[in-house]
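Me: I would like to go through the reasons behind some labels used for this model. Please set each value against its cut-off.

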Amino acid sequence: MELVLIFSSLLIAVLVCLFVKRRIVVECASLLAVAIALVESILVALRVAAHGEYSPHVFFSVDALGALVMLIISIVGCATVGYSIAYLRKETAQNVIGQRRVRQYFILLNLFLMAMFLAITANHPIFAWIAIEATTLATAFLISFYNKPSAMEAAWKYLVINSVGLLLGFFGTLLYFTAMHSLDGNEFVSWQMLLQNAAFLDPLIAKIAFIFVLIGYGTKVGLAPMHTWLPDAHSKAPAPISALLSGVLLNVALVVVLRFKLITDAVVEPSFSQILLIVLGLLSIFIVALIMLTQNNYKRLLAYSSIENMGIMSLGFGFGGLGVVGAIMHMMYHALIKSTLFLSAGTIFLRYHSTKIAKIRGMLTALPVSGALFFIGFLAITGTPPFGIFFSKVLIVTGGMHVHPMMSALALVLMAILFIGFFKQVSAMAFGDVPTEVEVGEKNIWLILPPLALLVLFVVLSFYLPPFLSTLIRSAASHY
Amino acid sequence: MNMNHALIQFFVAVVFGTMIFSHLTKKNFGASMAYGVQSLAVAALLFGSFLETQNKLILIVVICALIVKVVMAPLFFSRLIRKHALMFSASTYLNTPLTLIAIAILTFIAHSQKFAAVTGIVPANQALLSLALAAMFLSLFLIVNRKGALSHIIGILSLENSIVVFTIFAGLEQSPALQLGILFNIFIWLMIAQVFISMLYKHFGSLNITSMQSLKG
C-alpha cells in the first residue's frame with residue numbers, strides 16, 4: 001500500500017504537470033506528491049525496522065538499506081521540490097526560463113524521483129536496471145535544462161557515458177543469471193533467489209560479472225576512473241537537480257552494486273569484491289585530491305566532493321566490519337549535507353550570477369543565512385568535528401586500520417589534503433568585500449528553509465539517531 | 001532452437017559483419033542501414049526463440065523489436081542525416097589499417113581463453129557466444145574510435161543488440177515482459193538521443209564531438 005501510494009502520487013503529479021497549465025497547481029501537485037512519498041517512506045522504514053524486509057508484492061521488496069535510501073530520496077526530494085518552487089520563480093522573474101519550462105522541469109523531476117524509488121524497491125535485478133536507466137533518461141533533459149552549449153555538452157557526455165556504463169552493467173547482471181539455469185526462463189528471479197542460487201554460479205563468471213557490474217553501475221556512482229561525466233553534469237544542472245543527483249542518485253546506484261557484491265561474496269572469497277571497492281574508492285579520493293586545489297567553479301567543487309565521498313563509502317564497504325557501519329552512516333550524512341550545499345549554492349548563484357569562485361567574495365555578508373549554510377556545509381562535508389561525517393569517517397578509517405592499515409593511512413592523508421583544498425576555495429568565497437553590483441541580505445525565505453531544514457536534520461542526526469534508524473543501520477550493516 | 005543451425009550462424013555472422021561494416025564505412029547512411037540490418041538479424045534470432053517456445057508474448061517482443069530497431073531507428077537516423085546534411089561521418093581517431101588491426105585484436109580477445117568462462121556458459125554455443133562477445137567489444141570500440149555523435153548512438157544501440165544476441169545463445173533470455181520493458185527503454189533512449197543530436201547540431205554546427213569545447217575553461 002505504501003509503495004502504491006508513493007508511485008501513484010508521483011505519477012499523478014506527472015499527469016497534473018502534463019495537463020494543467022496553472023503554475024501553482026503544478027507546484028502544489030509536485031509538493032503534495034513528494035510529501036506523501038515522505039510520509040510513506042517513513043512508514044516503510046518503521047515497518048522494516050520493526051519486522052525486517054518488506055515485500056508487499058513479488059515485484060517489490062525493501063530491505064534495511066533500501067528503506068534508508070527511500071528515506072534519503074524522500075527527504076532530499078521534499079527539500080528539492082520545495083526549493084525548486086522558489087528557485088524557478090526567481091529564474092522566471094529574471095527571464096532565465098519561461099512558464100513552459102517550469103512544467104517540463106516538474107514533469108522530469110517527478111519522473112526522476114519515481115525512477116529512483118522504483119530502482120531501490122525493485123525486486124528483480126533487470127527491473128532495477130530498467131529503473132536506473134530511466135533515471136538517466138529523466139535527468140538528461142534536466143542537465144541540459146538551460147539549453148546552453150556547455151549544458152548540452154555536459155548532458156550529452158552524461159547520456160553517452162552512462163548509457164555505455166549501464167549496458168556493461170546490464171551484461172554483468174545477465175551473467176549472474178547463469179546461476180538460475182535450472183529454472184524456467186519465464187520465472188520471476190528476485191534478488192533473494194539469485195542469492196539463494198549463488199552456489200550454482202561459476203566463481204570465474206561471478207568475478208567477471210562483478211567487474212562488469214562495478215564498471216557499469218560504478219559509472220553511475222561516479223567512481224573513478226568512470227567519473228568523468230559527473231563534474232560536468234552536476235555543475236551544469238539547475239542547483240536543486242544537482243542536489244538530487246549528488247545526494248541521492250549516486251547512492252541508489254551504489255546500493256545496486258552492493259546487492260551484487262552480496263551475491264559475489266557468496267560464490268568467491270569476499271576479499272575479491274572488497275579489494276576492487278577499496279582500489280576504486282582510493283582512486284576516487286586520490287583523483288579529487290589532485291583536482292580540488294585547482295578548481296575555479298564552486299559547483300564543480302561540490303561535484304568533485306561527491307566523487308570523493310562516494311569513494312569514501314566504497315572504501316568503507318570494502319573494509320568491511322565497522323567500515324560498513326561507517327559507510328552506511330556516511331551515505332545518510334552525505335546525502336543531507338551535499339543537498340544542503342547544492343541548494344545554498346543555488347542561492348549564491350541567484351545572487352552573484354556566477355559559478356566562478358573568483359567572482360564570489362563576501363558570501364557571508366551578502367547572504368548571511370545561505371552563506372552560513374554553505375560554510376557550515378563545507379565544514380561538515382570535510383569531516384570537521386563534531387558533525388556526523390566526522391564520526392562516519394572515523395568509523396570507516398578505524399574499520400580499515402584492522403585489515404588494511406596502509407590503505408587507511410593513505411585515505412586519511414588524502415582526506416586531509418582535500419580539507420585544505422576545500423578550505424582554500426570556500427574561505428576565498430566566504431570572506432572579503434562584497435562586489436558593488438551584488439545586493440546584500442536574504443530576500444526569499446523559501447530559498448533558505450529547505451537547505452536549513454536539511455542542515456538541522458543533519459545536525460540532529462549527527463548527535464542522535466532515532467531507534468528505528470539505528471536498527472536499520474545495524475541491520476543493513478549486518479547484511480553488507 | 002528449431003531454426004536451422006546454418007541460418008542461426010548466418011544471423012550471428014550478420015550481426016558481427018555489420019559491426020565491422022560500421023567501422024569501415026565513411027557514410028552515416030551506411031552505418032545507419034548497417035544497424036537496421038543488424039537489428040533485423042537480431043529480430044530473426046528472437047523469432048527463433050518464439051519458434052522454440054511458441055510463447056506468443058515473444059512474438060510481440062519480436063514485432064516491437066522490428067518496429068523500434070529495424071524501422072524506427074534507421075528512419076530517425078536517415079531523417080537526421082538529411083536534415084543536417086550529415087552525409088559523411090566524422091573522422092576516427094585511428095586510421096583504417098589501425099582500425100582493422102584493433103578489430104582483429106578485439107575479436108581475438110573475445111575468442112581467447114580469458115573469456116572462456118563467459119563464452120563457455122553453453123559449451124555447444126561457444127563459437128556463437130564468442131562472436132557475440134566480439135560484436136560487443138567492436139561496439140564499444142566504435143564508440144571510442146569515432147568522433148561523430150551519430151556513430152556513438154549507433155555504437156550504443158549495437159552494443160545492446162550484441163548483448164541480446166549473447167543472452168539468446170547463453171540461455172539467459174529474460175521474460176517477455178522484461179524484454180518489452182527493455183525495448184521501451186531503448187525506444188525512449190532513441191527519442192531522447194534524436195532530440196539531443198538536433199540540439200547539439202544547433203549549438204555546435206557539427207556532430208563532431210571534438211568541436212564541443214564549451215566545458216573547457
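Reply: One definition comes before the rest: a helix axis is a line fitted to C-alpha atoms over the stretch in contact, and the angle between two N-to-C directions runs from 0 to 180 degrees. The model is predicted.

Me: Why are α3(A) and α4(A) called roughly antiparallel?

Reply: Helix α3 (residues 64-93) and helix α4 (residues 99-121) of chain A pack at an angle of about 175°, and their axes are 10 Å apart. Angles over 145 degrees count as roughly antiparallel, so the label applies to α3(A) and α4(A).

Me: Which residues make that contact, and what classes do they belong to?

Reply: Among them are A:Ile73, A:Gly77 and A:Val81 of α3(A), and A:Tyr105, A:Leu109 and A:Met116 of α4(A). The contact of α3(A) with α4(A) has 12 nonpolar, six polar and no charged residues.

Me: Where else does A:Met116 appear?

Reply: In the largest nonpolar core, which has 259 residues, A:Met116 is one of those that touch the most other members, along with A:Leu68, A:Ala155, A:Ile328, B:Ala132 and B:Val165. α3(A) gives the largest share of this core, 19 residues. Beyond its neighbours within four places in sequence, A:Met116 is in contact with A:Ile73, A:Thr135, A:Val248, A:Leu249 and A:Val252.

Me: Which parts of chain A touch chain B?

Reply: α5 (125-143), α6 (149-176) and α8 (203-221) of chain A each supply at least two residues of that side. α6(A) gives the most, with 16 residues. In total, 33 residues of chain A are in contact with 31 residues of chain B. The side of chain A that touches chain B has 23 nonpolar, six polar and four charged residues.

Me: How do you know that α6(A) is largely enclosed by the rest of the structure?

Reply: A residue is buried if 20 or more other C-beta atoms lie within 10 Å of its own. In α6(A), 26 of the 28 residues are buried, so the helix is largely enclosed. α5(A) is mostly covered, with 18 of its 19 residues buried.

Me: What makes the span of α6(A) agree with the expected one?

Reply: At 1.5 Å a residue, its 28 residues should span 40 Å, and the end C-alpha atoms of α6(A) are 40 Å apart, so the two agree.

Me: Why is B:Gly17 called partly exposed?

Reply: B:Gly17, in helix α1 (residues 5-24) of chain B, has 17 C-beta neighbours inside 10 Å. Partly exposed lies between 12 or fewer, which is exposed, and 20 or more, which is buried; B:Gly17 therefore counts as partly exposed.

How values were computed. Residues numbered from 1 in each chain as written. Chains lettered and ligands numbered in written order. Predicted model: local features only at pLDDT ≥ 70, side-chain atom pairs only at ≥ 80, totals over all residues. Contact = placed C-beta atoms within 7 Å. Helix = DSSP H or I, 4+ residues; strand = E, 2+ residues; numbered from the N terminus. Nonpolar A, V, L, I, M, F, W, Y, C, P; charged D, E, K, R; others polar. Expected span 1.5 Å × (residues − 1). Parallel < 35°, antiparallel > 145°, perpendicular 65-115°, else oblique. Core = buried A, V, L, I, M, F, W, Y, C linked by C-beta atoms within 7 Å.
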